[in-house]
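Work through the exercises below with the sequence and the coordinates at hand. Each task is followed by a solution in steps.

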Amino acid sequence: MSVQYAPAPPLAILFELTHRCPLQCPYCSNPLELDQVRDELSTDEWRRVIGEAARLGVLQVHFSGGEPTVRRDLVDLIAHARQSGLYSNLITSGVAIDRTRFADLVAAGLDHAQLSFQDSRADSAERIGNYAGAQAKKLAFAGWVRELGLPLTVNIIVNRHNIERIDDMIDLAVGLNAARVEIAHVQYYGWALKNRAALMPTLADLQQATVRVEEARERLRGRIVIDYVVPDYYARVPKACMGGWGRQFLNVTPSGRVLPCHAAETISELSFDSVRDKSLAAIWATSSAFEKFRGTDWMPEPCQSCAQREVDWGGCRCQALAIAGAAGATDPACALSPMHGEMRALAEAASNLPSPPFLYRRRTTAAVAAS
Ligand code: SF4
Ligand code: FES
């Protein structure tokens, strides 16, 4: 029997305040078409949406981008989140802010900072992000977070160019006194899909890295929490992406479109409501994009009669589109999907060839050689 899902309040909301970013990571999760500055929500519009999120029952707000610290009104928005009773997290590259401004964010009520690293080794990190001098700025930022008393999460995206340094990356997070480190393999949607061959590790390297993470978890138990996300291409069991479509999470783009996940705009059959036209509560309850894959009614077989369907909620719709060509298909990360073998074969073929150059995203895109 399928389950008709009546939406409870979402747990978290991610505000992509802007798509502007000083870095050019080849695995960027922002859409291929970036929102322009002139289309970004105004301060008053973001303040209204923050209030609506709090009234909807959201507990956590993630300020993200692009690079959220390039928005001049970030102090104001964080203060408004605090006044609205929301727990606020800043997701940042740490390269576009100085200590004084960060102290202003903390004084305004920022609760947590999540800092991304491209690698533990500066030369490799700065080649991946295509930003000279980034590593020193990130290290300084991490110091300010701890000096000012905030909990720090370090986020490191793993790919074939840094996977051999898993231990160093974990040690980096420990040395920075982070409470948590997220070791996440690249997920291949949007711009990252263009760089799949340049980023995909071999299965052997992935297995080795997974062993290293398990050993580090044992060694560092009680000192740091290690989250680990494996690439869908080598998985056998799908992840409950976003905790299930339209179950826990909303994403608001710089110009106000409300998405069930950050990559949902890759699904061209969906249309997205905007906070400029409707309240967040109305969008959460009735938006066709949220309704489309909510619950279990939409599922094909074998999901429809599978015991896992209310555990993984059918996995990832964006991955189904990217590999199976249909957002409503069984997630190819699942061993029961007819596309599962093809997905694994794509990964193995890409990872066993020499890495092509990174394709960096820029308003003028440039290809730069990867060593
Ligand atoms: Fe999940 Fe569907 Fe696979 Fe079952 S068949 S494990 S519900 S993706
Ligand atoms: Fe969109 Fe998984 S990234 S549903």
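The exercises concern a predicted model and go from the whole chain to single residues.

**Exercise 1. Decide how the radius of gyration of the chain compares with the globule rule.**

Step 1. Take the secondary structure, which comes to 13 helices and eleven strands.
Step 2. The radius of gyration is 20 Å, close to the 21 Å given by the globule rule for 371 residues, so the chain is as compact as a globular protein of that length.
Step 3. Along the principal axes, the C-alpha atoms fill a box of roughly 55 × 50 × 45 Å.
Step 4. For contacts with a separation of 6 or more, 73% join residues 24 or more positions apart.

**Exercise 2. Find the residues with the most contacts inside the largest nonpolar core.**

Step 1. Buried residues make up 47% of the 371 residues in the chain.
Step 2. The largest nonpolar core holds 107 residues, and Val 61, Phe 63, Val 154 and Cys 318 have the most contacts inside it.
Step 3. Leaving out residues up to four places away in sequence, Phe 63 touches ten listed positions, among them Phe 15, Leu 17, Leu 74, Ile 78 and Ile 91.

**Exercise 3. Describe the shell around ligand 1 by class and by nearest residues.**

Step 1. The shell has six nonpolar, four polar and three charged residues.
Step 2. Of these 13 residues, Cys 303, Cys 306, Gln 308, Arg 309 and Cys 334 come nearest.

**Exercise 4. Is Ile 97 buried or exposed?**

Step 1. Locate Ile 97 in the loop between strand S3 (87-92) and helix H3 (99-108).
Step 2. Count its C-beta neighbours inside 10 Å: there are 22. The cut-off for a buried residue is 20 or more, so Ile 97 counts as buried.
Step 3. Beyond four places in sequence, Ile 97 touches Thr 69, Phe 102 and Phe 141. Thr 69 is 28 residues away along the chain, with 6.5 Å between the two C-alpha atoms.

**Exercise 5. Compare the settings of Asn 130 and Met 242, given their phi values.**

Step 1. Neither is a glycine, yet phi is positive: about 55° for Asn 130 and near 60° for Met 242.
Step 2. Asn 130 lies in the loop between helix H4 (122-129) and helix H5 (134-147), whereas Met 242 is in the loop between strand S7 (225-229) and strand S8 (249-252).
Step 3. Asn 130 has 19 other C-beta atoms within 10 Å and is partly exposed; Met 242 has 25 and is buried.

**Exercise 6. Place the cis peptide bond from Glu 301 to Pro 302.**

Step 1. Omega of this bond is near 10°.
Step 2. Pro 302 is in the loop between helix H11 (288-292) and helix H12 (317-324).

Technical notes: Residues numbered from 1 in each chain as written. Chains lettered and ligands numbered in written order. Predicted model: local features only at pLDDT ≥ 70, side-chain atom pairs only at ≥ 80, totals over all residues. Core = buried A, V, L, I, M, F, W, Y, C linked by C-beta atoms within 7 Å. Buried ≥ 20, exposed ≤ 12 C-beta atoms within 10 Å, placed from the backbone. Contact = placed C-beta atoms within 7 Å. Near = placed C-beta within 6 Å. Nonpolar A, V, L, I, M, F, W, Y, C, P; charged D, E, K, R; others polar. Helix = DSSP H or I, 4+ residues; strand = E, 2+ residues; numbered from the N terminus. Rg over C-alpha atoms; globule rule 2.2 N^0.38 Å.
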